[in-house]
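Here are some exercises to work through with the model open beside you. Try each task before you read its solution.

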Amino acid sequence: MITVQSLQHTFTIGKKGQEKKVEVLKDINFRIEQGEVVAIVGKSGSGKSTLLQTIAGFMKPDSGSIIINNTEIAGFTEKQSTAFRLDHFGFIFQNFQLLPSQTVFENVELPLKLKGISPAIRKKKVSEMLTKVELTAVEDHYPNELSGGQQQRVSIARAMITNPPIILADESTGSLDSQTEKEILSLIQQLNEQDNITFIIITHDEEVASIADRKFRMADGVLVGGMAHVI
Ligand SMILES: Nc1ncnc2c1ncn2[C@@H]1O[C@H](COP(=O)(O)OP(=O)(O)OP(=O)(O)O)[C@@H](O)[C@H]1O
């Protein structure tokens with residue numbers, strides 16, 4: 001479960017002497033239950049990515065509370081955030097962010113290496129995951145030898161390989177054609193149903209938002225409209 005309370009963050013932008021303060025997160029409150037799929041929508045610059053970055057611990061909010069499975073993470077050090085992230089989050093990005101010099105197998109294996117899992121267990125887990133996302137036939141290929149949809153499936157497999165309870169996705173289907181987007185969305189739904197993984201998906205795309213259990217809309221630093229989630 002994710003509980004966010006009174007989350008605030010302000011950026012200072014512009015040249016020295018002419019700085020401007022932008023209140024990107026003004027007072028964000030919500031609760032997300034395990035296994036929910038939540039879409040975050042809102043205009044460009046409304047603070048969606050900032051919200052996701054603070055939930056993931058990449059960015060420290062100015063104030064407020066972020067509790068994930070009973071752990072308060074808002075005050076974590078960088079080291080604590082990194083360790084927590086590895087156990088709790090998987091990430092899916094628009095441009096996939098695969099390592100070009102590593103094969104499909106190696107890209108998916110990477111988070112397990114970072115966690116210090118033994119080679120034998122890594123091999124078993126990666127093989128099972130590649131079967132799940134239907135990539136076994138291309139496991140020795142490099143990312144530039146794959147289609148966009150295949151690359152996205154690799155990034156989903158890499159996000160899922162450590163069995164994180166939460167997956168954060170930022171415009172994860174934004175660069176795919178509509179047929180491939182449909183396939184990726186159905187894969188996300190399948191993984192959500194099978195493994196009860198929580199998905200938080202930032203999107204501009206109504207089709208993506210339509211697979212969500214709930215839709216959060218960011219505007220002027222707060223969440224508005226259509227949410228029975230405010231605590
Ligand atoms: N590191 C930063 N330093 C200063 N300002 C920032 C920084 N990151 C984001 N901002 C500003 O904060 C605001 C919100 O940015 P954010 O990326 O969270 O919006 P977004 O809703 O995700 O936008 P998009 O849909 O275009 O990705 C913008 O005005 C942006 O210029």
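**Exercise 1.** Find what percentage of the 231 residues in the chain are buried, and compare the radius of gyration with that of a compact globule.

*Solution.* Start with the ground rules. This is a predicted model, in which local features need pLDDT of at least 70 and side-chain atom pairs count only at pLDDT 80 or more, while totals for chains, interfaces and linings use all residues. Residues are numbered from 1 along each chain as its sequence is written.

Step 1: apply the burial rule (buried means 20 or more other C-beta atoms within 10 Å of the residue's own, with C-beta atoms placed from the backbone). Buried residues make up 34% of the chain.

Step 2: take the radius of gyration over C-alpha atoms, with a globule rule of 2.2 Å times the number of residues to the power 0.38. For 231 residues the rule gives a value near 17 Å, and the chain's 18 Å agrees with it. Along the principal axes, the C-alpha atoms fill a box of roughly 55 × 40 × 40 Å.

Step 3: look at contacts (C-beta atoms, placed from the backbone, within 7 Å). Of those between residues at least 6 apart in sequence, 70% join residues at least 24 apart.

**Exercise 2.** Work out the strand order of the open sheet that 4 strands form.

*Solution.* Step 1: list the elements, which are DSSP runs numbered from the N terminus (helices are H or I, at least four residues; strands are E, at least two). The chain has 7 helices and 10 strands.

Step 2: find the pairs, remembering that two strands pair if DSSP finds at least two bridges between them. β1 and β2 run antiparallel and are joined by 9 bridges; here Leu 7 is opposite Ile 28, and Val 4 has Phe 30 as its bridge partner. Their hairpin has 6 residues between the strands, and Gly 14 in it has a positive phi near 95°.

Step 3: continue to β4 (residues 63–68), which is antiparallel to β1 over 5 bridges. Val 4 stands opposite Ile 66 there. β4 in turn pairs with β5 over 2 bridges, again antiparallel, with Ile 68 facing Thr 71.

Step 4: assemble the order, β2-β1-β4-β5. The edge strands are β2 and β5 (71–72), each pairing on one side only.

**Exercise 3.** Identify which residues surround the ligand, and which element gives the largest share of the shell.

*Solution.* Step 1: collect residues whose C-beta atom, placed from the backbone, lies within 6 Å of the ligand. They are Phe 11, Ile 13, Val 22, Val 24, Gly 42, Ser 44, Gly 45, Ser 46, Gly 47, Lys 48, Ser 49 and Thr 50.

Step 2: assign them to elements. β1 (2–13), β2 (20–32) and α1 (48–55) each give two or more, and α1 provides the largest share, 3 residues.

Step 3: sort by class. The shell has 4 nonpolar, 7 polar and 1 charged residues, with Gly counted as polar and Lys as charged.

**Exercise 4.** Which residues in α1 are buried, and where do they lie around the axis?

*Solution.* Step 1: the buried residues are Lys 48, Thr 50, Leu 51, Thr 54 and Ile 55.

Step 2: they lie on the same side of α1, because their arc (of directions from the helix axis to the C-beta atoms) is only 165°.

Step 3: look past the helix. Gly 57 follows α1 and has a positive phi near 80°.

Note on methods
A residue is buried if 20 or more other C-beta atoms lie within 10 Å of its own, exposed if 12 or fewer, and partly exposed in between; C-beta atoms are placed from the backbone. Two residues are in contact if their C-beta atoms, placed from the backbone, lie within 7 Å.
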